[in-house]
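Subject: Structure handover and findings

Dear colleague,

Please find below the structure that I am handing over to you. My notes on it follow directly after.

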Amino acid sequence: MKILFVISNLYVKGNGMSVSARRTIKELRLAGQEVRVLSGANPEPNGPEPEYKLELFKFPIFQPIIDHNGFCFARSYTKKDLQVMEEAIRWADVVHVEEFFPLHHRVVLIAKRLGKPITATYHIHPENILYQIGIQNRHISKLMLKYWKQRVYKYCDWIQCPTENVYDRLMRYHINANFKVISNGVIPEACTRPLTPPENYLDENRPLNVLYIGRFSVEKDQPTLLEAMRYSRFNKRIQLHFAGQGPRAKALKRMADRLMKEGVLKYEPVFQFHTHEELRDLAAHADLAIHCATIEVEGLSIMEAMQQAVVPVIAVGRHTGTPQFALDRRSKFPKQNPEALAKRIDYWLSHPQERWEMGFKYVESMKQYDIKESAKQLIEMFEEAVRGKG
């Protein structure tokens, strides 16, 4: 089957959507599918390029903000762009769009004209974009999603929903498409945490490592974890480690400095970007992994951490899909509620043996989200779309 992936930019670094798309494409190819990409050019010189390459589009005034948030857009309005797009679509058996920008609107119109089946993945919520420019308004979010529906989603035959939360949200908009809940999937990795705790595990003087993996951005809500330290009875033993980068880095460091000056924390929080291998090692040695995001489609970073037998504590909100992966209520708390988060943290840190054992239950729970299984389900979705057109 010839599958065309359409994405603004497959190669931009620090963008979870691009990372997920690269992994999915690789897995589909390993499964014997012929996959080509319609995308903007690689912003890195001498890097790989898509089979169907579009020029990069630079926004006046807002480009520095866009760069800072890890996005990159493709030009899609010149005669040459349209020719490249039509050539790519004519090649494909099925057209799969990853976003809802002008590029994707033009692609679905051409695909409709040529009678090609169209599928999509819902990767981000409107709030993921709006929060970056300081807009937190439910009415504007609803209008944006309705706009995406009119511009892209109403043309789709099938839409991949990475979590049940996404499925529930899209169903409320009465989009005339078939929906399928398929995780973006995690690459299976061996758990490097030993089956038995180290000798100092029960030492009441050792630091307790609490990890947060995620971009330093508004919707990831790291401040709730920092504020929770005021309510935790373990705050003098907790070593916070924030793994990531992003526009909120300076504000988070200032908040951490205040906690140190006030004597709330004994150990200075660490803020640092890490490679995938380093993140895996951090998770394998962490006592807890926290996920406070108020807006989250799936949350692959915490899923990958769970493969290393670390117990998570996950925020529950209207547009957060990640709580789906918590095994019980002890690993969930109401979003933006630092006191509730502190209670969950204190529970798990007070029960070290139970925490160790529960960590390995999370390892088992992640096996169902193997990216190979996700690729298999996607192929079934693509085949359904092709058969429907046939």
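Which residue just after H1 takes a positive phi? Gly 32 does, with a phi of about 95°.

Before the remaining findings, the conventions are as follows. This is a predicted model, in which local features need pLDDT of at least 70, side-chain atom pairs count only at pLDDT 80 or more, and totals for chains, interfaces and linings use all residues. Residues are numbered from 1 along each chain as its sequence is written, and side-chain values use heavy atoms, with hydrogens and water left out. Helices (H or I, at least four residues) and strands (E, at least two) are DSSP runs, numbered from the N terminus.

Helices H1 and H4

Helix H1 covers residues 16–30; its 15 residues should span 21 Å at 1.5 Å a residue, and its end C-alpha atoms are indeed 21 Å apart. The expected span is 1.5 Å times one less than the number of residues. Among the buried residues of H1 (under 20% relative accessible area, 1.4 Å probe, protein chains only) are Met 17, Arg 23 and Glu 27. The buried residues of H1 pack against strands E1 (2–7) and E2 (34–40) and helices H10 (276–285), H11 (300–306) and H14 (371–389).

Helix H4 has twelve residues and reaches 17 Å between its first and last C-alpha, close to the expected 16 Å. Its buried residues include His 104, His 105 and Val 108. Gly 115 follows H4 and has a positive phi, near 75°.

Glu 99

Glu 99 is found in the loop between strand E6 (94–97) and helix H4 (102–113). Glu 99 is buried yet has no salt bridge, that is, no side-chain nitrogen of Lys or Arg within 4 Å of a carboxyl oxygen of Asp or Glu. The nearest side chain of opposite charge, Arg 22, is 11 Å away. The Glu 99 side chain does reach the backbone nitrogen of Ser 8 at 2.7 Å, and a polar contact of 3.0 Å joins it to the side chain of His 104. A polar contact is a pair of N or O atoms within 3.5 Å; within protein, one must be able to donate a hydrogen and the other to accept it, and residues adjacent in sequence count only if both atoms are side-chain atoms.

Nonpolar cores

The largest nonpolar core (buried Ala, Val, Leu, Ile, Met, Phe, Trp, Tyr and Cys residues joined through side-chain atoms within 4.5 Å) has 55 residues, and Met 229 and Ile 345 are among those touching the most other members. Helix H12 (residues 338–350) gives the largest share of this core, six residues.

Kind regards

Conventions:
Buried means under 20% relative accessible area, exposed over 50%, partly exposed in between (1.4 Å probe, protein chains only). Lys and Arg count as positive and Asp and Glu as negative; His and the chain ends are not counted. Contact means heavy atoms within 4.5 Å.
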